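Work through the exercises below with the sequence and the structure at hand. Try each task before reading its solution.

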Amino acid sequence: MNKKLVDAINEQIKYEFFSAFLYLAMASYASELEMTGFEAWLKAQAAEEQFHATKFIDYLHERNERALVKGFEDPKNDYTSLLEAFEDGLAHEKIVTSRINNLMKIALEDNDYATANFLNWYVNEQVEEEASFTTVINKLKMVGSSPMGLYQLDKELGGRQGFTPSTGAGQ
Ligand SMILES: [Fe+2]
Ligand SMILES: [Fe+2]
């Protein structure tokens, strides 16, 4: 594989793990608010991100390339509201989308159609990721500061389908 592409995927592996840490930090904030449904939703989101990272690692191994596991800085841990956390989450997902698009660009420039095909999964996944954060943001805005509304929304998010890392089902 093209070294530039391998290096860029290795950077993305780091970013996917960072996403998991970011959502775990948000889950911890939700737990502090006794919002156990939000906490469960964010933990499931973190598990998905870990799956995204290991899927990249497995792909590099499949192509006989070296996958690297790198460190990163602390994610943001302090939030003033759940709305702020989810707005940060959406902004983060939009950055991830542009990063995935950039990987696709490098793969196509190199005529690496196998990698482009593999990356297609992430392109579709990012549409879902942005949509799911947007949905929660819209619901949070609808509910506003209504305790009953927040209670109901927390209950609804707690019902998020479990994630099966081996298949990626339930994301
Ligand atoms: Fe991801
Ligand atoms: Fe994501």
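## Two loop residues

**Exercise 1.** Is Glu 34 buried or exposed? Find where Glu 34 sits and look at its phi.

*Solution.*
1. The relative accessibility of Glu 34 is 64%, so Glu 34 counts as exposed, given that exposed means over 50%. The model is a predicted one.
2. Glu 34 lies in the loop between H1 and H2.
3. Its phi is near 65°, a positive value in a residue other than glycine.
4. For comparison, most residues other than glycine have a negative phi.

**Exercise 2.** Which loop holds Asn 64? Treat this residue in the way used for Exercise 1.

*Solution.*
1. Asn 64 belongs to the loop between H2 and H3.
2. Its relative accessible area is 73%, and therefore Asn 64 is exposed.
3. Phi of Asn 64 is near 65°, again a positive value in a residue that is not glycine.

## The iron ions

**Exercise 3.** Which residues coordinate the iron ion (ligand 1)? Work out which parts of the chain Glu 16 and His 52 tie together.

*Solution.*
1. The donors to the iron ion (ligand 1) are Glu 16 (OE), Glu 49 (OE) and His 52 (ND1), at 2.1 Å.
2. Along the sequence these donor residues follow the spacing E-x32-E-x2-H.
3. Helix H1 contains Glu 16 and helix H2 contains His 52, so the pair ties together parts that are 36 residues apart in sequence.
4. Both Glu 16 and His 52 are buried.
5. The iron ion (ligand 2) is 3.3 Å from the iron ion (ligand 1), and Glu 49 coordinates both.

## The nonpolar cores

**Exercise 4.** How many residues form the largest nonpolar core, and which have the most contacts inside it? Then trace the helices that contribute to this core.

*Solution.*
1. The largest nonpolar core has 25 residues.
2. Those with the most contacts inside this core are Phe 38, Leu 42, Phe 86 and Leu 140.
3. Two or more residues each come from helix H1 (3-32), helix H2 (36-62), helix H3 (82-109), helix H4 (113-143) and helix H5 (147-158).
4. H1 gives the most, with 7 residues.
5. A second, separate core has 23 residues, among them Ala 8, Ala 53, Val 96 and Leu 103.

**Exercise 5.** Which residues does Phe 38 touch, leaving out those up to four places away in sequence?

*Solution.*
1. With that exclusion, Phe 38 touches Ala 30, Leu 82, Phe 86, Val 136, Leu 140, Leu 153, Asp 154 and Leu 157.
2. Phe 86 and Leu 140 in this list also rank with Phe 38 among the residues with the most contacts inside the largest core.

Technical notes
Residues are numbered from 1 along each chain as its sequence is written. Chains are lettered from A and ligands numbered from 1 in the order in which they are written. This is a predicted model: local features need pLDDT of at least 70, side-chain atom pairs count only at pLDDT 80 or more; totals for chains, interfaces and linings use all residues. Side-chain values use heavy atoms; hydrogens and water are left out. A nonpolar core is a set of buried Ala, Val, Leu, Ile, Met, Phe, Trp, Tyr and Cys residues joined through side-chain atoms within 4.5 Å. Buried means under 20% relative accessible area, exposed over 50%, partly exposed in between (1.4 Å probe, protein chains only). Helices (H or I, at least four residues) and strands (E, at least two) are DSSP runs, numbered from the N terminus. Contact means heavy atoms within 4.5 Å. Donors are N, O and S atoms within 2.8 Å of the metal (3.2 Å for Na, K and Ca); water is not among the atoms, so sites may look incomplete.
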